[in-house]
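Biologist: Please take me through this model. Keep it short, and give your cut-offs as you go.

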Amino acid sequence: MSKKILELKNISKIYGNLKALADINLSVNAGDWLSIMGPSGSGKTTMINIIGCMDTPSTGSVILDGVDISRENAASLTRIRRDKIGLIFQQFHLISYLTAVENVMVAQYYHSMPDEDEAMEALAKVGLSDRAHHLPAQLSGGEQQRVCIARALINSPQILLGDEPTGNLDEENEGIVVDIFRRLHDEGVTIIIVTHDPEVGDVAQRKIILEHGRVVGDIDQSATFGEALKLRGSHV
Amino acid sequence: MFWHMIIKTLIRQKNKMLMIAFTVVLGVSLSTAMMNVMLGVGDKVNRELKVYGANITVRHKDAALMSDLYGLEGQGVNDKFLHEDDVLKLKSIFWGFNILDFAPILEGRVSFNGVDTAIIGTWPEKNTTLPTGEELHTGLKALRTWWEVNGQWLGEDDDDSVMVGHILADQNKISVNDKITLTANGQSKIFTVKGIFNDGGNSDSKILMTLPSAQAMMNLSGRVSAIEVSALTTPDNDLARKAAQDPRSLSPDEYETWYCTAYVSAICHQIQEVIRDGVAKPVRQVAESEGTILNKTTLLMVLITILSAIGSSLAISNLITASVIERSQELGLLKALGAYNWQIVLLVLAEVMITGLAGGVVGYFVGIGFAQVIGQTVFGSYIEIARMVILIVAVILFFVTLFGSIPAIRYLTALKPTEVLHGK
């Protein structure tokens, strides 16, 4: 049986009178590929912020790699995020004045030591060896997202966390990115992505449906998001 | 990677960084100019204040005592005189270079048109070479710069000429080039009136002549009543005031400090060491005015420096904060990638400090230029560059930049990656 890498226990996040997450329970094993779907305002981003150590829950516990991180201070969360989480963003968030390889090396710099050879290897993994010395503005959206994935992978994180990683990509580039995820999954990387796109979400081995801050569906690979949503009579 | 990011940021944000550097240039140049002027202004202001005349008077100790006790001055108070051949010794004291001008005075009374009239014998001009080889050009003319003279000043050897105060000249209808006869001790001498002066004081009813003429008329060869001295002095402080009361009350260390500082009391003390039977006293009104004006001028310079530093700091603060807000997504990303707050702050501070340093170097040299412009315009001479200003400016620059960065640092430490990366 796989090791439990992440466990959310009775997680709630409250902003004033708004309950963004309500009593969430979720376990993720090492090597899992999990996609989270839900309509706008369902709490997807809040959930990914908490898993990504960029926010803390109002109540409940977050157990990451066996350690409860829910009451850690900002500096500890920064250290944990740096060591255990790889982040992929919808808007890529590459530093505009650094080349592709330098953008990857920035993550190395804040983790340990920049190593250009390793950064080039990471770019090779996402098929961008020949674009390594281009600035973000000289890359297509798909290429920028692949740089973002290389940056997220460079420090060998325990969880790869994607917030709408294909949200800004065309169909062709979406396919390329999904193929990269598939390959990473085969290599044993734990992947958690938030997506609006059922086609992307369905590739994952496990799907979580969020509504009004609650988990309303936790389905395996045998069913699609579409089928699950049809049964619930809701949409994303 | 750290320096690589800084260099690329500086290049990418060159317009903003140039604005920050320009602000630093303005602040540092003003501070540099003010501090150089402030440190060099003591002598300059003192020299300017010399138009108010002598700030030290040397008299025979008995004459000084009568003056202290009864407020009596002038000829007839007593018959104690100083020696003319001691006068040049003034330049041999420890602070001899600070003795700018001096003139011996011999006061006496003669009969003019049958009326008892006061005369002043002096060195109108004195040009000589001291035993040290130093060329000396001094005399009463240098001490009475405010005199309005109709005609001409007496020359060094004008022993047959006199200058007449304008009140006495008006009373006796004396004009320039007139001949007047003065009588004293039973002998008369005819003098040519070379000039009529307006002093605005008691001297306007007196007759001015060369010291040899006065000594001959008074039968006081080699004697002088007093010496007027104009010296560059340092404003008094507690030590100087304590020493002025009694130098023997000072500890050896205090005495050394006092003796080697150009306090008016220290210079008076040193004058007394070389003038036989002389008592040197500061002309308090002039000496204190000089100190007050100098202190106020220095205070004004310090205030301008502080205000320029505050102004620069505020301007830098706005520019840096604007720059950081503009880059909040990039800086938030660095936090998301694992950068600690201090690493982000260090990155931004390094960028600002490098920019500030570049602006500071330029500002320093511009400030030296400003100082010279001020020196030429106000004092008519160049301001000496004080090396210590470099250190002071560096410290000011550091703190101005640091304080200017505080709002940006507060913003950075409060910045949450989630807020800028998800566009919330």
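Modeller: Strands (E, at least two residues) and helices (H or I, at least four) are DSSP runs, numbered from the N terminus. Two strands pair if DSSP finds at least two bridges between them. The model is predicted: local features need pLDDT of at least 70, side-chain atom pairs count only at pLDDT 80 or more, and totals for chains, interfaces and linings use all residues. Residues are numbered from 1 along each chain as its sequence is written, while chains are lettered from A and ligands numbered from 1 in the order written.

Biologist: Which residue takes a positive phi in the hairpin of E1(A) and E2(A)?

Modeller: E1(A) and E2(A) pair in the antiparallel sense over eight bridges. Their hairpin has two residues between the strands. The residue with a positive phi near 60 degrees is Gly16(A).

Biologist: In what order do the four strands of the open sheet in chain A run?

Modeller: E1(A), residues 4–15, pairs with E4(A), residues 59–64, over five bridges. The edge strands are E2(A) (18–29) and E5(A) (67–68), each pairing on one side only. With antiparallel pairing, the order is E2-E1-E4-E5.

Biologist: What is the bridge partner of Leu8(A) in E4(A)?

Modeller: Leu8(A) has a bridge partner in E2(A), namely Leu26(A). In E4(A), its partner is Val62(A).

Biologist: At what angle do H3(A) and H4(A) pack?

Modeller: H3(A) brings Ala100(A), Val101(A), Val104(A), Met105(A) and Gln108(A) to the contact, and the H4(A) side includes Ala119(A) and Leu123(A). Contact means C-beta atoms, placed from the backbone, within 7 Å. The axes, lines fitted to C-alpha atoms over the stretch in contact, give angles from 0 to 180 degrees between N-to-C directions. Here the axes are 9 Å apart, and the angle is about 115 degrees.

Biologist: Which helix supplies the largest share of the side of chain A that touches chain B?

Modeller: 21 residues of chain A are in contact with 19 residues of chain B. H1(A) (44–51), H2(A) (74–84) and H3(A) (100–111) each supply at least two residues of that side. The largest share, six residues, comes from H3(A).

Biologist: Is His93(A) buried or exposed?

Modeller: His93(A) sits in the loop between E6(A) (85–88) and H3(A). Its phi is near 50 degrees, a positive value in a residue other than glycine. A residue is buried if 20 or more other C-beta atoms lie within 10 Å of its own, exposed if 12 or fewer, and partly exposed in between. His93(A) has 23 such atoms, so it is buried.

Biologist: And is Asn113(B) buried or exposed?

Modeller: Asn113(B) lies in the loop between E3(B) (99–112) and E4(B) (115–122). Its phi is also positive, near 55 degrees. Asn113(B) has 12 C-beta neighbours inside 10 Å, so it counts as exposed.

Biologist: Why is H9(B) largely enclosed by the rest of the structure?

Modeller: H9(B) spans residues 264–274. Its buried residues include Val264(B), Cys268(B), His269(B) and Ile271(B). It is largely enclosed because, of its 11 residues, the number buried is eight.

Biologist: Which helix gives the most to the largest nonpolar core?

Modeller: A nonpolar core is a set of buried Ala, Val, Leu, Ile, Met, Phe, Trp, Tyr and Cys residues joined through C-beta atoms within 7 Å. The largest has 108 residues, and Val104(A), Leu123(A) and Leu161(A) are among those that touch the most other members. Apart from it lies another core, of 58 residues, including Ile119(B) and Met209(B). In the largest core, 13 residues come from one helix, residues 14–49 of chain B: H2(B).

How values were computed
Contact = placed C-beta atoms within 7 Å.
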